[in-house]
Amino acid sequence: MKALVYEGPRKVSIKEVPDAKIEAPTDALIRITSTNICGSDLHMYEGRTSVEKGKVLGHENLGEVAELGDAVVRVKVGDRVCLPFNIACGFCRNCEKGQTGFCLTTNPGNAGAAYGYAEMGPYNGGQAEYLRVPFADFNCLRLPEDAEEKEDDYVMLSDIFPTGWHATRLAQLQPGESVVIYGAGPVGLMAAYSATLQGARQVLVVDRHPDRLKLAEQIGAVAIDDSKEDPVERVLELTGGKGADKGCECVGWQAHDPGGREVPNDTMNKLVQTVRATGAIGVVGVFVPEDPKSPDKLMKEGRIAFDFGSFFSKGLRLGTGQANVKAYNRELRDLIHAGKARPSWLISHRLDLDEAPDAYSHFDKRENGWTKVVLKLAA
Ligand SMILES: NC(=O)c1ccc[n+]([C@@H]2O[C@H](COP(=O)([O-])OP(=O)(O)OC[C@H]3O[C@@H](n4cnc5c(N)ncnc54)[C@H](O)[C@@H]3O)[C@@H](O)[C@H]2O)c1
Ligand SMILES: [Zn+2]
Ligand SMILES: [Zn+2]
């Protein structure tokens, strides 16, 4: 089958690889029809992870069930399904509690598995014609009769819509509150969108890419361009000097200043400065246990200089981690089905799988207008 393969820093290619296949009786084989490129893929693309050469990338997958293992009972051949980026067993201690991003059995020795991702188990990704899905009855989210018509919305259920939602839940956002979000990439935009759906009174979004900030404004958020003004001063000004009620980190350890210099603690310390005393912060931007290639001395060992004294003095709370997609994807699917959510609004490009290497390069440079790429595979 054809697949997008990681070959080294800033080198991905479309190659012929062995077909994905059923390996366990609980597996499903999915014929992929839509699969997105994610900001998380860029950490690997840039050579900043331990991902091995030859890995098929792609964890934001949607398609049609092509074949099933003998033990699958609920999912049927022909069902259209969206797959959470987390691969979860459904029966371990964490899965039982809904913490499917931290499954204890699918990536033994670690908590959490995913398709086509560094340190997340041996699984190939879905930027390919076919994808093997373990524990199919648990992991497949079945889609309703408008699956094809709203495919561009439903594919966002694989990751960024639930992840943006998760950021606001980790921050314990309540209706009527204000929230400040750092990062207007797909994840930050989905956090802003989720906050709006949840009835936030004021949504402030900080980034420096005009095209992305414009999308934030389209959903009623206030865009703050940190290349033009001090975001801390601006947030304080807009919140009566107190700071927003809640905050979301949607950038991660490769946070940088508008000039491109990496400053891994930038967003975390700005959150401490711009969330009001007793507020809470949700961190979904990825931070890693080590990054030997980081230009920052502390970050090489997975550390940041965090303003813990101010954080403590303000009585702030912090929630972190991979999104537990299954904790939200059913209800978010139903919002889409009911016409109350349309996350496809942020898609900038719909391309063929063959165009993926080129798309990685554009998206990696955060070129103007490259917000979110969906790869389409013909039947
Ligand atoms: N926790 C999860 O489950 C989960 C899921 C998906 C993605 N992620 C992570 O979320 C993060 C964002 O993903 P994305 O797809 O939106 O990626 P992205 O790289 O396209 O977007 C990041 C945005 O942050 C902006 N930015 C960089 N430094 C900044 C700073 N100092 N202040 C303000 N904005 C800054 C960039 O300009 C960019 O627009 C990544 O770290 C990704 O790995 C986490
Ligand atoms: Zn993703
Ligand atoms: Zn589990």
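The following exercises, each with a worked solution, concern a predicted model of a protein chain with a ligand.

**Exercise 1. Overall form**

Determine how many helices and strands the chain has, and assess its radius of gyration against the globule rule.

Solution.
1. The secondary structure of the chain comprises 12 helices and 15 strands.
2. The radius of gyration is 20 Å, and the globule rule gives 21 Å for 379 residues. The two values are close, so the chain is as compact as a globular protein of that length.
3. The C-alpha trace spans about 60 × 45 × 40 Å along its principal axes.
4. Of the 379 residues, 49% are buried.
5. Among contacts with a separation of 6 or more, 71% join residues that are 24 or more positions apart.

**Exercise 2. The two domains**

State the bounds of domain 1 and domain 2, and describe the side of domain 1 that touches domain 2.

Solution.
1. The domain assignment gives domain 1 as 2-159 + 324-376 and domain 2 as 163-320.
2. The C-alpha centres of these domains are 26 Å apart.
3. Contacts between them involve 17 residues of domain 1 and 18 residues of domain 2.
4. On the domain 1 side, helix α1 supplies the largest share, three residues.
5. By class, that side has five nonpolar, eight polar and four charged residues.

**Exercise 3. The ligand shell**

Identify which residues come nearest to ligand 1, and establish which elements and domains contribute to the shell around ligand 1.

Solution.
1. The shell holds 33 residues, of which Gly39, Ser40, Gly183, Gly185 and Gly252 come nearest to ligand 1.
2. Two or more residues are given by each of α1 (39-45), α6, β9 (202-207) and α9 (266-274).
3. The largest share, four residues, is that of α1.
4. Sorted by class, the shell has 13 nonpolar, 13 polar and seven charged residues.
5. Domain 1 and domain 2 each give at least three residues to this shell.
6. Helix α1 thus appears in two settings: it gives the largest share of the ligand 1 shell, and it also gives the largest share of the domain 1 side that touches domain 2.

**Exercise 4. The nonpolar core**

Describe the largest nonpolar core and list the contacts of Ile181.

Solution.
1. As a general point, nonpolar side chains in soluble globular proteins tend to be buried together.
2. The largest nonpolar core here has 111 residues. Those with the most contacts inside it are Ala28, Ile30, Val179, Ile181, Ala192, Leu204 and Val205.
3. Helix α6 gives the most to this core, with seven residues.
4. The core takes at least three residues from domain 1 and at least three from domain 2.
5. With residues up to four places away in sequence set aside, Ile181 touches Gly188, Ala191, Ala192, Val203, Leu204, Val205, Val206, Cys248 and Cys250.

**Exercise 5. The enclosure of helix α5**

Explain why helix α5 (residues 160-170) is described as largely enclosed, and name what covers its buried residues.

Solution.
1. A residue is buried if 20 or more other C-beta atoms lie within 10 Å of its own.
2. The residues of α5 that are buried are Ile160, Phe161, Pro162, Thr163, Gly164, Trp165, His166, Ala167, Thr168 and Leu170.
3. Since 10 of the 11 residues are buried, α5 is largely enclosed by the rest of the structure.
4. The cover includes strands β8 (178-182), β11 (244-249), β12 (275-283) and β13 (317-320), together with helices α6 (186-197) and α11 (329-337).
5. After α5 comes Gln172, with a positive phi near 55°.

**Exercise 6. Three individual residues**

Classify Leu346, Thr278 and Arg366 as buried, partly exposed or exposed, and give the place of each.

Solution.
1. Leu346 lies in the loop between α11 and β14 (349-352). It is buried, because 22 other C-beta atoms lie within 10 Å.
2. Beyond its neighbours within four places in sequence, Leu346 is in contact with Pro186, Leu189, Leu215, Thr371 and Lys372. The C-alpha atoms of Leu346 and Arg212 are 8.9 Å apart, although 134 residues separate them along the chain.
3. Thr278 belongs to strand β12 and is exposed, because 10 other C-beta atoms lie within 10 Å. Its phi is positive, near 75°.
4. Arg366 is in the loop between α12 (356-364) and β15 (373-376). With 17 other C-beta atoms within 10 Å, Arg366 is partly exposed, and its phi is positive, near 45°.
5. For context, most residues other than glycine have a negative phi.

Conventions
Residues are numbered from 1 along each chain as its sequence is written. Chains are lettered from A and ligands numbered from 1 in the order in which they are written. This is a predicted model: local features need pLDDT of at least 70, side-chain atom pairs count only at pLDDT 80 or more; totals for chains, interfaces and linings use all residues. A residue is buried if 20 or more other C-beta atoms lie within 10 Å of its own, exposed if 12 or fewer, and partly exposed in between; C-beta atoms are placed from the backbone. Two residues are in contact if their C-beta atoms, placed from the backbone, lie within 7 Å. A nonpolar core is a set of buried Ala, Val, Leu, Ile, Met, Phe, Trp, Tyr and Cys residues joined through C-beta atoms within 7 Å. Domain bounds come from an automatic or database domain assignment. A residue is near a molecule or strand if its C-beta atom, placed from the backbone, lies within 6 Å of it. Ala, Val, Leu, Ile, Met, Phe, Trp, Tyr, Cys and Pro count as nonpolar, Asp, Glu, Lys and Arg as charged, and the others, Gly among them, as polar. The radius of gyration is taken over C-alpha atoms; the globule rule is 2.2 Å times the number of residues to the power 0.38.
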